[in-house]
Amino acid sequence: MKILIVEDESALGSAVRERVREAGHVADWFTTLDDARAALAASLYDFVLLDLGLPDGDGRAFLREIRRTGSPVAVLIATARDQISERIAGLSEGADDYLVKPYDLNELVARIEAVARRYAALPDNSVTVGDVVIDIARRQLARAGRVVDLSAREWAIVELLARRPGAVCSRDLIEDVLYGLSEDVDSNAVEVFISRIRKKAGAGLITTMRGRGYRLGGAETA
């Protein structure tokens, strides 16, 4: 997933970003609501990890803005505010989960992935294409019963396509999922990763839709 971290504590924000990246996700970290708004407008995120007490405003106001737009992005509030009334308000205003500081980074990752599973339009969190089974919950791809070793970015592409069965994902969308806003992107990076996935999992797993992008399975069309 691509995750937007909004946290003004430098040590915590840096640690969270690194732990989330270790878990195989793409993460951008910002310390103010203004920067978070700009990032959310410029890039497609699956998840927002949101502190409440920020230098330029209250995170709950940002949460309300997100929900007013109808955005499907998942939101987990992570804050020092531990009052029951604050938890109820955050959840009532559209948060998917609420975590009180200090928290364990491994628990944070587990909660992020639990929320993501609830958002997935896959009842059993798995997709089958021919002899390939993609298990999103386990972050695992198996071909003919044997687990295939994928890099973090190869898996990110597979998961993106698996979460959108039948849909065509553009090259720009895939790049957006693979890279943070501050990262440089090689012009043929997506094609390189797609080629590697096909070599490992079979040519029929991902289809190129000429001039449009890629989709899981299916026949190539013009």
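Trainee: How many salt bridges does the structure hold?
Mentor: The structure holds 23 salt bridges. Keep in mind that this is a predicted model.

Trainee: Why is the pair Arg81 and Glu86 called a salt bridge?
Mentor: The closest N and O atoms of Arg81 and Glu86 are 3.8 Å apart. The cut-off is within 4 Å, for a side-chain nitrogen of Lys or Arg and a carboxyl oxygen of Asp or Glu. So the pair counts as a salt bridge.

Trainee: Is Glu86 buried or exposed, and how do you know?
Mentor: Glu86 has a relative accessible area of 17%. Buried means under 20%, so Glu86 is buried.

Trainee: What makes Arg81 partly exposed?
Mentor: Arg81 has 23% relative accessibility. Partly exposed lies between the 20% and 50% cut-offs, so Arg81 counts as partly exposed.

Trainee: Which residues are joined with Arg81 and Glu86 into one network?
Mentor: Asp58, Arg60, Arg64 and Glu93 belong to that network too. The salt bridges share partners.

Trainee: How do you know that Asp97 and Arg111 form a salt bridge?
Mentor: Their side chains meet at 3.0 Å, N to O. That is within 4 Å, so the definition is met. The pair links distant parts of the chain, 14 residues apart. Asp97 sits in strand β7 (residues 97-100), Arg111 in helix α5 (residues 105-119).

Trainee: Which class does each partner fall in, Asp97 and Arg111?
Mentor: Asp97, with a relative accessible area of 16%, is under the 20% limit and therefore buried. Arg111, at 25%, is over that limit but under 50%, so it counts as partly exposed.

Trainee: What makes Glu191 and Arg171 a salt bridge?
Mentor: The N to O distance is 3.1 Å. The limit is 4 Å, so the pair qualifies. Glu191 lies in helix α8 (residues 189-201) and Arg171 in helix α7 (residues 171-178), so the bridge ties together parts 20 residues apart in sequence.

Trainee: Why are β2 and β7 called edge strands?
Mentor: The open sheet has the order β2-β1-β3-β6-β7, with parallel pairing. Strands β2 (26-30) and β7 each pair on one side only.

Trainee: How do you know that β1 and β3 pair?
Mentor: Four bridges join β1 (residues 2-6) to β3 (residues 47-50). Pairing needs at least two bridges, so these strands pair. They run parallel. In β3, Leu50 is the bridge partner of Val6.

Key:
Residues are numbered from 1 along each chain as its sequence is written. This is a predicted model: local features need pLDDT of at least 70, side-chain atom pairs count only at pLDDT 80 or more; totals for chains, interfaces and linings use all residues. Side-chain values use heavy atoms; hydrogens and water are left out. Buried means under 20% relative accessible area, exposed over 50%, partly exposed in between (1.4 Å probe, protein chains only).
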